[in-house]
Amino acid sequence: MILSTTPTIEGKQIVEYKGVVFGEVVAGVDFMKDIEASIRNIFGGRSQSYEGELIAARDHAMNEMTERAAMMGANAVVGIDVDYEVLGADNGMMMVIASGTAVVVR
């Protein structure tokens, strides 16, 4: 599966558009990571635990989108966009959505 943020793939021709595909992940962030992030916020620095959660959620969303494209018969996804949101009353949930257009290329 070829994945691209661009609307075309160099050296390939889009021969069929299968439709828009999405991959969605909503992940909770645990109490200990909140504490570590709060400390980092006070003293500065990067929160590696939050970064790890973000990377994992993005990877899951991309994988889900890719699987859905394959089920549609696509061999590529173009125009990929990844969006991030914070959800919940206390902002304790993170949502990652990957979207793109499933296509067949040759």
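This section describes the fold, the nonpolar cores and the salt bridges of a single chain, as seen in a predicted model.

The chain contains two helices and four strands, and these elements follow one another along the sequence in the pattern β-β-α-α-β-β. Of the 106 residues in the chain, 32% are buried. The accessible surface of the chain comes to about 6,700 Å², and carbon and sulfur atoms account for 55% of that surface. When contacts between residues at least 6 apart in sequence are considered, 75% of them join residues at least 24 apart.

The interior may be described through its nonpolar cores. The largest nonpolar core has 15 residues, and those with the most contacts inside it are Val21, Met65, Ala69 and Val77. Two or more residues of this core are given by each of the elements β2 (14-28), α2, β3 (76-87) and β4 (93-105), and the largest share, five residues, comes from α2. The surroundings of one core residue, Val77, can be given in further detail: when neighbours within four places in sequence are left aside, Val77 is in contact with Val21, Met65 and Ala69, as well as with Met1, Ile2, Leu3, Ser4, Gly100, Thr101 and Ala102. A second core, separate from the one just described, is made up of six residues, among them Ile9, Ala76, Val78 and Val103.

Charged side chains were examined next. A search of the whole structure finds three salt bridges. In one of them, the side chains of Glu16 and Lys18 meet with an N to O distance of 2.9 Å. Glu16 is partly exposed, its relative accessible area being 36%, and Lys18, with a relative accessible area of 28%, is likewise classed as partly exposed.

Another salt bridge is formed between Glu24 and Arg68, whose closest N and O atoms are 2.9 Å apart. This pair links distant parts of the chain, since Glu24 belongs to strand β2 and Arg68 to helix α2, with their positions 44 residues apart in sequence. Glu24 is partly exposed, with a relative accessible area of 34%, and Arg68 is also partly exposed, with a relative accessible area of 33%.

Arg68 takes part in a further salt bridge, with Glu64, in which the closest N and O atoms are 3.2 Å apart. Here both residues, Glu64 and Arg68, lie in helix α2, where they are four residues apart, or about one turn of the helix. Glu64 counts as partly exposed, at 23% relative accessibility. Through salt bridges that share partners, Glu24, Glu64 and Arg68 are joined into one network.

Helix α2 also carries His60, the helix itself spanning residues 48-71. His60 has a relative accessible area of 51% and is therefore exposed, as the cut-off for that class is over 50%. In sequence, His60 and Glu24 are 36 residues apart, whereas in space the distance between their C-alpha atoms is 8.0 Å. Helix α2 is thus described here from several sides: the helix gives five residues to the largest nonpolar core, holds both partners of the salt bridge between Glu64 and Arg68, and includes the exposed residue His60.

Conventions: Residues numbered from 1 in each chain as written. Predicted model: local features only at pLDDT ≥ 70, side-chain atom pairs only at ≥ 80, totals over all residues. Heavy atoms only, no water. Buried < 20%, exposed > 50% of the residue type's maximum accessible area, 1.4 Å probe, protein only. Core = buried A, V, L, I, M, F, W, Y, C linked by side-chain atoms within 4.5 Å. Contact = heavy atoms within 4.5 Å. Salt bridge = Lys/Arg side-chain N within 4 Å of Asp/Glu carboxyl O. Areas by Shrake-Rupley, 256 points an atom, 1.4 Å probe, with all protein chains shown as cover.
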